[in-house]
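Q: Could you walk me through one part of this protein in close detail? I'd like to hear about the cavities, and about whatever sits beside them.

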Amino acid sequence: MDLTSTDMEQVLAAATRTVREEHGDVPLPVQGELPAAIDGCYFRNGPGRFERGGQRYRHPFDGDGHITKLDLRAGQVRYSNRFVRTCEYLEEERSGRMRYRAFGTNLPGGLPANLFRLNFKNAANTSVRWHAGRLLALWEGGPPHRLDPATLANLGTEEFGGGLASPFSGLGRWLAPLLPFSAHPTLDAASGELHNFGLVSGRPNLLMLYRIGADGRMEAPEQHALERFSFLHDFAITRRWRCFLLPYADFDLTRALLGLKTPVGSLRLETDRPMQVLLLPRGETSAAQGPIVLSGPPGFVFHVAQAFDDGRHLVLDVIRFGRYPDFDAFDELLRNPPDGVVPRLERLLIDPAAGRCERLSLGPEVDDHAFELPVSAPTALGERQRILYGVGAPPDRRTPFLTSIQRLDTETGRLTTRDFGLDLVGEPMLVPDDDGGEGWLLSLVFRAGTGGTDLVVLRAADLSLQATATLPHAVPVGFHGCWVPRCELDRGHGV
Ligand SMILES: [Fe+2]
């Protein structure tokens, strides 16, 4: 299909319209056959409101968090959706205008309206995860919000029994009484522990490191001081290492705090310089080894697809951009994407003892394709995964990398793709098959033709179509989510 950037601009404009309706547990028409083995709930988060009081957010990632829930049982699908009713959201709803600065959007009214306005909105829009009987809406700049899995009602910020209380004093604590909790925690499927980090800007810049037991209790966070400011979205963890890929970045804190620029506009990433690879040892390694810093490839990594230990090496499969995509200039990014602003899946072979990081190809097919929003089966921490799934696009399509669902066999390099043309696909979520099959992939697909959204269910092994369910309204292109089997939901009830 020959697609022009104008075609795609129109589709993207339609796919980033504010959601005006909320539904509670309504049945959806299903085409095809849903296996009874798909029994549980798919939750997904993403921006759902893109303007307030006639002012559109300047950055696509500033939209208010909007949760969709697809409840699949006995071949049927029921649908619910709800905005995350944070304090900021409710306040803006009541007043009918923007009252908070966002990371990419200042308040209308220029300098006077933004000067010393240091209270930023927690958009609660990046991911939704299930752990220890809790459903959490995540946003990397602040604490999670706990949701009722039945109704999606906001039950308040999740502080993990005081674990996220700021240990700092003075201005830092006043500005942020709760620590940030990234939107990319890693679950150890063997122990039930959840690992995560938060990035605290200051002097020094700090990495906060979190571990939450299967019982939901958070240990006292660890702190690691960084040599300089950086920006992080995801991390890697194995039994031996925690690994952070730190781009060379500067942040104009004064201008951001004075309201002269947005926080995103104050960020400068030098992606032609090598990323710093920070390795923090864990387990047995930590007794004999301190932190290691070594030089990585240039560019920027939003997402880590998997990490595992292989002999002396730490292996990371990452999605690397050659250059940081300037989402502030989203239309231009779409119209004329610069070279290097295509996400590529590749392997980093890290030798901590030798202080080396080597880039490896995962095969010529995946080298030619964009790859983002990586997903794999739930595993024990650091267990190697052969199959990775994600979104992408055909090599010749100079449009967003959200029009195909892809499956990569990392051992053979074989890439299987299912292309949706002008339709925009969401993160494919794996539903494992307890009977030994590869399972199914769920994705919310925005249909260019109808302007609506479908839940598409594919067989994971070959990406063939299993079933489709049509939602009652369009859901904007979103970010991350989770699959929660019925037995987990039942266990979590009342926690
Ligand atoms: Fe992400």
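A: Let's start with a term: strands here are DSSP runs of at least two residues, numbered from the N terminus. Keep in mind that this is a predicted model.

Now for the cavities. The structure holds 2 of them at 30 Å³ or more. The largest cavity has a volume of about 60 Å³, and β32 gives the most to its lining, with 3 residues. Both β30 (424-425) and β32 (440-446) give two or more residues to that lining. Among the lining residues are Arg44, Leu424, Val425, Phe446 and Pro476. Sorted by type, the lining of the largest cavity has 8 nonpolar, 3 polar and 1 charged.

On to the second largest cavity, at about 40 Å³. Its lining includes Leu232, His233, Asp234, Val301 and Phe302. Here β22 gives the most, with 3 residues, while β17 (241-246) and β22 each supply at least two. This lining splits into 7 nonpolar, 1 polar and 1 charged.

You've just met His233 in that lining, and His233 is also a donor of the iron ion, through NE2. The protein donors are His184, His233, His303 and His480, lying 2.1 Å from the iron ion. With angles of 91 to 157° among the 4 donor atoms, the site is irregular. The pair His303 and His480 links distant parts of the chain: His303 is in strand β22 (residues 300-310), and His480 is in the loop between β34 (465-470) and β35 (481-485), 177 residues apart. His303 is buried, with a relative accessible area of 5%, and His480 is buried with 5% as well.

Technical notes: Residues are numbered from 1 along each chain as its sequence is written. This is a predicted model: local features need pLDDT of at least 70, side-chain atom pairs count only at pLDDT 80 or more; totals for chains, interfaces and linings use all residues. Side-chain values use heavy atoms; hydrogens and water are left out. Donors are N, O and S atoms within 2.8 Å of the metal (3.2 Å for Na, K and Ca); water is not among the atoms, so sites may look incomplete. Four donors count as tetrahedral if all angles lie between 85 and 135 degrees; four count as square planar and six as octahedral if opposite donors are over 155 degrees apart and all others between 65 and 115; anything else is irregular. Helices (H or I, at least four residues) and strands (E, at least two) are DSSP runs, numbered from the N terminus. Buried means under 20% relative accessible area, exposed over 50%, partly exposed in between (1.4 Å probe, protein chains only). On a 1 Å grid over the protein atoms alone, a cavity is a set of points where a 1.4 Å probe fits but cannot get out, and a pocket is an open set with protein on both sides within 12 Å along at least five of seven lines; lining residues have an atom within 4 Å of a point. Grid points are joined across faces, edges and corners, and a volume is the space filled by probe spheres set on the points. Ala, Val, Leu, Ile, Met, Phe, Trp, Tyr, Cys and Pro count as nonpolar, Asp, Glu, Lys and Arg as charged, and the others, Gly among them, as polar.
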